[in-house]
Amino acid sequence: MSRRPPRGEYIETDTGNKVARKATLVGTQNIMLGGKTVIQPDVMIRGDLARTIPPAQSASGGPANNTAVAIGRYCFLSKGCVLRPPGRMYKGVFTFMPLRLGDHVFVGPGTVVQAAQIGNHVHIGAKVVIGEFAIIKDYVKVLDGSVVPPNMVIPSFSIVAGQPARIIGEIPEGGIEAFELRDLYKTVGNNPQPTTS
Amino acid sequence: MFGNNRLPAFHPGLTQSRIRDTTTGNRLWFPGVRSPPSESSPSDSDPANDQLPLPITPEDLYDTPMAPFNPYTYIRCPCSELNPYAKRTPDVTAQGLSCAAQDDDDHTFDPRAARSNYSLYPLEYLSFCEDCHQIRCPRCVAEEIVCYYCPNCLFEVPSSNIRSEGNRCTRSCFQCPVCIGPLAVNHVETPPDPNQLLSPDHAASSHSGSYILSCSYCNWSSTEIGIKFDKPNSIHMQLAKLRNGGETRLTAKERKERRKEQGGGGGGGGGGNSTGQGEEDLDALLDMETQFANLKSFYQNQLSDVNGTGKAGGDASAALSNLGFDAPTSLSRIMSLYTGSSSLHDKKSKSRPGTMREALAPSEGLQLASLDETSAITALQDVESTTGLDAYSSTASTTQLHSQAPYLGASPLHGLTRFTSSLRPIPYLLRTKRSKRCPQCRHIISKPESKVTTTRFRIRLIAGNYIPTITIKQLIIPGLTPPPMPNLPPDTIAPLQPAQFVLTFKNPIFESVRVTLATPATTPGRFPSKVTILCPQFEIDSNTDVWEEALKDNNASASTSQQNLSSSTGPEGGPGRKRAGTLRPGTAGGASLAGEELGPEVGKVWERGRNWTSIVIEVIPASLVQTAKRDGKGPIKEDEDVLEIPMFVRIEWEAEAPEDEIMPGLSSAKGNKDGGKEKRELAYWCVLGLGRVARTL
């Protein structure tokens with residue numbers, strides 16, 4: 001925080017999140033960060049687009065959970081990407097729905113994410129558009145420039161590309177370690193570590 | 001019927017990096033983190049044009065802002081050797097080629113040979129059989145399907161359903177026939193007045209159904225083919241009963257019942273196609289399912305008739321007719337293939353029946369080919385005259401037709417749809433989870449959990465846990481490396497100038513490993529570049545426990561830290577960095593930089609860390625332009641400017657010898673026990689892709 005005499009480029013929170021000062025977070029009370037997440041400059045997270053209708057009165061009787069964007073651990077939001085909760089008509093009224101990101105999610109620069117859910121260990125390339133209410137499961141790689149159509153479900157271990165996106169390949173068994181973002185996390189921040197060879 | 005469609009299971013062409021897409025010439029190397037990135041990511045702006053990778057010619061890559069070249073290492077799977085398992089299972093073909101295999105030893109590996117495309121893989125794609133101590137690749141492993149599931153709804157489909165229902169999702173998962181985006185079931189609102197005013201069509205046809213399938217990517221909807229649904233669920237079943245235009249179609253069961261009611265006779269094709277004139281008997285259009293049913297019952301009758309009457313025809317003709325398609329023997333065999341009933345076969349085998357007649361009427365399954373294309377031609381002309389659009393764009397592309405699911409209600413052969421306006425929604429093809437077996441010892445190499453949604457593996461023996469990873473970086477020492485030529489395109493290597501690259505070997509196993517490298521002095525192919533490995537023999541320390549490392553790290557920082565240099569912790573610039581470890585000088589010679597300060601020295605390791613060692617390789621690339629001109633071999637082909645170096649890697653280590661181990665007679669593992677330890681070795685070819693050589697000079 002501001003205790004440090006030189007103001008760093010990033011704000012580092014107690015849980016290890018590194019949020020760039022130049023990032024635009026709207027509606028911060030509706031944004032949940034799991035910790036150790038990097039938010040680079042010019043990232044926009046639209047936390048203000050929270051549900052307008054309270055979620056179905058089910059078991060959750062506690063305080064109204066109005067999270068718009070939930071982000072897991074070790075996520076990496078590259079420069080200029082946008083996280084925007086999806087919205088639709090629900091029982092005649094327009095409402096936004098929460099956008100959930102799992103752990104180790106990489107979002108490339110210039111990408112717009114309007115998914116309903118993104119699993120763990122997902123790599124989304126640069127200049128990708130993830131349509132509204134798309135669901136991306138674990139260990140998925142979305143290549144640069146893809147346009148994932150709304151409502152698309154991408155199963156685990158898929159490689160996806162194209163406009164509209166389609167499954168073009170499978171992640172091999174040996175390729176799942178490459179989704180780890182712990183090392184990448186260390187390379188940014190106010191005192192970044194050099195990349196390990 | 002459904003068997004025609006291959007399961008989307010695992011298309012080797014898509015996962016094999018080196019295989020090129022034949023349509024585009026583009027290297028299909030999508031996955032993996034160390035892949036050449038954007039040049040392979042397909043993008044096309046036109047939703048209707050769904051050819052996958054954008055055709056990129058090498059010239060495009062070169063002139064346009066070029067995709068940065070990522071150095072790569074591909075490893076050659078031993079299965080591509082001519083006689084991979086000869087010592088264990090000598091088979092006929094292998095023996096026939098054995099002489100070729102012998103002199104295979106003398107030749108170096110050529111990464112540009114046409115065959116090499118099929119044997120080179122990035123490390124992530126390779127498995128490792130612990131029993132054979134050998135690398136296994138996606139091409140040589142045997143796969144077994146663990147489960148089938150729909151990629152859209154992620155429900156598992158039992159394999160018994162696959163046999164009966166085919167390899168597509170039978171719930172409500174559909175893809176857009178135009179752009180292959182997912183289709184959503186949408187409710188069509190009918191009652192409000194303004195809507196009625198705006199779209200009288202909706203109100204008119206709303207009685208037929210109030211749910212439609214619609215694509216949110218290209219705005220296609222099932223109303224375009226006149227199909228609406230009554231219920232939002234089990235769309236697949238509803239769609240099977242609907243023709244384009246919304247007419248219902250008889251299902252097989254209904255037709256059977258109807259036929260029973262009519263007492264046999266002609267059971268023409270339900271509602272009939274709107275274009276067909278159902279009046280004339282022979283012209284009656286049957287859809288595929290009806291025709292098949294009619295044919296089947298006709299032939300069944302024929303067979304039973306023939307069998308009942310015994311030998312009807314003459315002896316000679318009967319004997320001859322047994323060869324043709326109309327022969328009862330072959331017929332019953334074919335029918336048992338398609339219908340799965342073996343009862344006919346048993347009955348027939350006792351008596352040799354005579355001749356049979358062929359189907360003569362639509363009720364017997366005769367379908368005359370309608371070669372009259374005038375209706376299609378007029379339709380094509382109508383498109384141009386009425387809408388003013390290009391008629392060509394209204395026809396379905398090959399890929400669109402190819403992705404269409406077989407529809408039993410379609411008219412067969414000559415009634416195939418040609419227009420995008422008559423394409424039907426595509427039910428999702430199922431996907432599979434698969435386990436892998438070693439081709440030689442049959443042990444399982446990889447086995448995922450059978451549940452669809454879990455991503456864990458029960459067994460996962462990947463090569464990355466056994467053999468060192470090789471990473472490549474160009475070595476640029478300020479002051480020593482000559483500055484790049486000013487007219488050189490970025491990210492290229494200057495020809496005819498020595499360039500140095502650092503190869504970093506990272507050891508994944510818990511024993512230290514001795515590595516021996518070898519390369520041919522010049523690269524094979526049309527443009528021979530000179531290659532020198534400055535340190536062809538070295539050791540990599542063991543991949544010690546992470547905790548051990550952490551403790552060492554603490555010690556180092558607590559004490560003066562200078563004493564702990566050899567504990568080698570921090571990899572880059574840290575205290576563990578160790579230059580120029582003394583190893584036996586190798587055979588590499590002729591490096592101009594030998595003996596100079598700071599520069600890489602012959603026979604010495606460049607850098608080393610906890611479980612990694614870096615060495616330097618020096619290359620003098622050939623001049624592409626000069627060589628091509630001098631030899632008159634024509635222009636530079638695609639990717640010929642990539643500097644690829646074949647390298648033979650041999651690793652040796654001492655492993656704990658399992659007591660009950662019976663060593664296969666492979667080169668990979670030799671006995672030589674001393675005190676519970678056992679020497680292991682593994683040798684393989686790999687290819688280093690260092691970069692593109694500039695086309696100047």
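Tutor: A residue is called buried under 20% relative accessible area, exposed over 50%, and partly exposed in between. This model is predicted, and we shall apply these cut-offs to residues in salt bridges.

Student: Why is D183(A) called partly exposed?

Tutor: D183(A) has a relative accessible area of 47%. Partly exposed covers values between 20% and 50%, so D183(A) is placed in that class.

Student: What makes K186(A) partly exposed?

Tutor: The relative accessibility of K186(A) is 44%, and therefore K186(A) counts as partly exposed under the limits of 20% and 50%.

Student: How do you know that D183(A) and K186(A) meet in a salt bridge?

Tutor: The N to O distance between their side chains is 4.0 Å. A salt bridge requires a side-chain nitrogen of Lys or Arg within 4 Å of a carboxyl oxygen of Asp or Glu, so the pair D183(A) and K186(A) qualifies. Both residues lie in helix α1 of chain A, 3 residues apart, about one turn of the helix.

Student: Why is E652(B) called buried, and why is R650(B) called partly exposed?

Tutor: E652(B) has a relative accessible area of 16%; buried means under 20%, so E652(B) is buried. R650(B) has 29%, which lies between 20% and 50%, so R650(B) is partly exposed.

Student: What makes the contact of R650(B) with E652(B) a salt bridge?

Tutor: The closest N and O atoms of R650(B) and E652(B) are 3.5 Å apart. The limit is 4 Å, and the pair therefore forms a salt bridge.

Conventions:
Residues are numbered from 1 along each chain as its sequence is written. Chains are lettered from A and ligands numbered from 1 in the order in which they are written. This is a predicted model: local features need pLDDT of at least 70, side-chain atom pairs count only at pLDDT 80 or more; totals for chains, interfaces and linings use all residues. Side-chain values use heavy atoms; hydrogens and water are left out. Helices (H or I, at least four residues) and strands (E, at least two) are DSSP runs, numbered from the N terminus. Buried means under 20% relative accessible area, exposed over 50%, partly exposed in between (1.4 Å probe, protein chains only).
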